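The following exercises practise the reading of a protein model. Please attempt each task before turning to its solution.

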Amino acid sequence: KVNYMRERWQRFWESNKVFIGFLAVIILFRVTIADQYHVPSGSMEPTIAIGDRVFVNKTVFHLKIPFTNVVLVRLGEPACGAVVVFEKPGDHTVMIKRLVGLPGDYLEIDDGFIRVNGETFFADQDPLELLREARLNDQGLHYHEKMTGHQYTVQRLPLPRQFGEKKIKVPEDHYFFMGDNRDNSNDSRAWGIVPRDLLKGRASRV
């Protein structure tokens, strides 16, 4: 019986070794080099919509041992304003958010507005009064921010304040993330900072 099973396995291997090898290469590529991420929520609207598929470059920050978060070598540094895919601390849910705080940065966040080391990042007029007026009229609002060459649109909803005022100095090898949909985003304001080894890669295109 043992010989029979061995012969069956050998016949299977001979018939399928090219396909198995190809499948192994594809899996290894997706685990270590690049992958796509299916966006399940609207936390990054209007930049990324629910159901979009995002291409993720997994070697832009570091190279890891496959199927682990063990970093073998660092290959680059994340930049503020980049859209990053990472694992949420605690339950390892895969998420996509915008990086707004680097190690050593001092962040002041109040009602979705960000100050990093005392600097705001509005690309046009200060939207604070516009947001107050929009809420009074039960309307939404869009405005633009610009960080390290990344300009993007922030969406505000006609909802009450979702988070209290937060002040934090980001520790070494940790990062602070927020969604572009500021009033409907489960992000670092709710569950905290993200260690570097949980970063999976940078989203490069939809």
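The exercises below concern this predicted model and proceed from the overall form to single residues.

**Exercise 1. Overall form**

Determine whether the protein is a compact globule or more spread out than one.

*Solution.* Step 1: begin with the inventory, which comprises 3 helices and 14 strands. Step 2: compare the radius of gyration, 22 Å, with the 17 Å that the globule rule gives for 206 residues. Step 3: the value is well over that of the rule, so the protein is more spread out than a compact globule. Step 4: consider the extents as well; along its principal axes the C-alpha trace spans about 80 × 35 × 30 Å. Step 5: turn to burial, for which 37% of the 206 residues count as buried.

**Exercise 2. An open sheet**

State which strands stand at the edges of the open sheet with the order 8-7-11, and explain why one side of each is left without a neighbour.

*Solution.* Step 1: recall the principle that strands of a sheet pair through backbone hydrogen bonds, either parallel or antiparallel. Step 2: in this sheet of 3 strands, the pairing is antiparallel. Step 3: the edges are taken by strand 8 (113-116) and strand 11 (166-169); each has a single partner strand, so one side of each lacks a neighbour in the sheet. Step 4: on average, neighbouring strands here are turned by 15° against each other, direction ignored. Step 5: examine one pairing in detail; strand 7 (residues 106-110) is joined to strand 8 by 4 bridges, and D110 has F113 in strand 8 as its bridge partner.

**Exercise 3. The largest pocket**

Identify which element gives the most residues to the lining of the largest pocket, and describe how that lining divides by residue class.

*Solution.* Step 1: the largest pocket has a volume of about 250 Å³. Step 2: its lining consists of 13 residues, and D110, F113, I114, R115 and L128 lie nearest the centre. Step 3: two or more lining residues come from each of strand 7, strand 8 and helix 2 (128-136). Step 4: strand 8 gives the most, with 3 residues. Step 5: by class, the lining holds 4 nonpolar, 1 polar and 8 charged residues.

**Exercise 4. Alternation in a hairpin**

Which side chains of strand 9 (residues 141-147) point to the buried face, and which to the other?

*Solution.* Step 1: in a regular strand the side chains alternate between the two faces of the sheet. Step 2: L141, Y143, E145 and M147 point to one face and are buried, each with under 20% relative accessible area. Step 3: H142, H144 and K146 point to the other face and are not buried. Step 4: strand 9 runs antiparallel to strand 10 (residues 150-156), and 7 bridges join the two. Step 5: within this pairing, E145 stands opposite Y152. Step 6: the hairpin has 2 residues between the strands, and T148 takes a positive phi near 45°.

**Exercise 5. Unusual backbone points**

Locate the cis peptide bond from E45 to P46, and place N117 and D173 in their loops.

*Solution.* Step 1: the bond from E45 to P46 has omega near 5°, and P46 lies in the loop between strand 1 (34-38) and strand 2 (53-57). Step 2: N117, although not a glycine, has a positive phi of about 55°; this residue belongs to the loop between strand 8 and helix 2. Step 3: D173, also not a glycine, has a positive phi of about 60° and lies in the loop between strand 11 and strand 12 (174-178). Step 4: with 27% relative accessibility, D173 counts as partly exposed, because that class lies between the limits of 20% and 50%.

Terms used
Residues numbered from 1 in each chain as written. Predicted model: local features only at pLDDT ≥ 70, side-chain atom pairs only at ≥ 80, totals over all residues. Heavy atoms only, no water. Pairing = 2+ DSSP bridges. Axes fitted to C-alpha atoms, helices over the stretch in contact; angles between N-to-C directions. 1 Å grid on protein atoms, 1.4 Å probe; cavity = no way out; pocket = protein on both sides within 12 Å on 5 of 7 lines; lining within 4 Å. Points joined across faces, edges and corners; volume = space filled by probe spheres on them. Nonpolar A, V, L, I, M, F, W, Y, C, P; charged D, E, K, R; others polar. Rg over C-alpha atoms; globule rule 2.2 N^0.38 Å. Buried < 20%, exposed > 50% of the residue type's maximum accessible area, 1.4 Å probe, protein only.
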